[in-house]
Amino acid sequence: MTDGLQTLKDKYEHIMLNPAKVEGELFQFVMSTFSYKKISKGGLYNIIPYEIQRAGLKFGKELKSFPKTIKNTHVYYFNDDNQILLIEVYGQNESIVNRNYYFYEGNTIESIYFNSGTKSVRNITLLKKENGKIYETISYGAFGCNISAYFYQKDELIEIDVQQKEHENEGFSCYKVLFEYKNNSLEKICYKHPNGYEEQRYP
């Protein structure tokens, strides 16, 4: 296990000793320090490049207030520097709220995703940036871990090389995420596996 993954594993296991307490403290901190918030149906922002599109989704729509149908409502909490501190994602009703907290230090962003209800940690992710672009993400979670390397051609992300592993497995499996553009706009995202299998994820 790499040093980066080991650090996230140690942090994950420490939080899981009392996840409800940690999440409660983080929530109170955000509520006492955030500058403004935005409400949307669906996701509005990609913190990890193209994470909305990679999930096969389209950008959501900003709202002035909570909709009648709460499912998939997002609430973004920002600080004075317009950085996202917390994203809340609602489930079937108002009592189901998953929360993803973000922390900024130098050229890194760390996120801790808490599941609703049990307050268990789904994953902890570290994003590393250089010249304003993410070049690596490392994630450790309940079911496994992954390391992703990002490659650019000028300002366009053209490839992500992903290594991932479930905890019960010894070795990592690998695949590539390939991006195609037309007239400087994203046209297609494909997942390409070592056996030659390709899966189009967007549009």
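Is K128 buried, partly exposed or exposed? Select K128 and take a look: this residue is partly exposed, with a relative accessible area of 23%. That value isn't under the 20% needed to count as buried, and it isn't over the 50% for exposed, so K128 gets the in-between label. Keep in mind as you go that you're looking at a predicted model.

Stay there and add E136 to your selection. The side chains of K128 and E136 come together in a salt bridge, at 3.2 Å from N to O. It's one of 12 salt bridges counted in this model.

Next stop: E23. Select R99 along with E23, and you'll find a salt bridge whose closest N and O atoms sit 3.4 Å apart. Now colour helix α2 (residues 19-33) and strand β5 (residues 97-105): E23 belongs to the helix and R99 to the strand, so this pair ties together parts that are 76 residues apart in sequence. Both R99 and E23 are buried, so you may want to hide the surface while you look.

Keep E23 selected and bring in K119. Here's another salt bridge, with the closest N and O atoms 3.6 Å apart. K119 lies in the loop between β6 (108-114) and β7 (121-130), while E23 is in helix α2, so the pair ties together parts that are 96 residues apart in sequence. K119 is buried, just as E23 is.

For the last stop, add E88 to the group. Which residues are linked with E88 in a network of salt bridges? They are E23, R99 and K119.

Note on methods. Residues are numbered from 1 along each chain as its sequence is written. This is a predicted model: local features need pLDDT of at least 70, side-chain atom pairs count only at pLDDT 80 or more; totals for chains, interfaces and linings use all residues. Side-chain values use heavy atoms; hydrogens and water are left out. A salt bridge is a side-chain nitrogen of Lys or Arg within 4 Å of a carboxyl oxygen of Asp or Glu. Helices (H or I, at least four residues) and strands (E, at least two) are DSSP runs, numbered from the N terminus. Buried means under 20% relative accessible area, exposed over 50%, partly exposed in between (1.4 Å probe, protein chains only).
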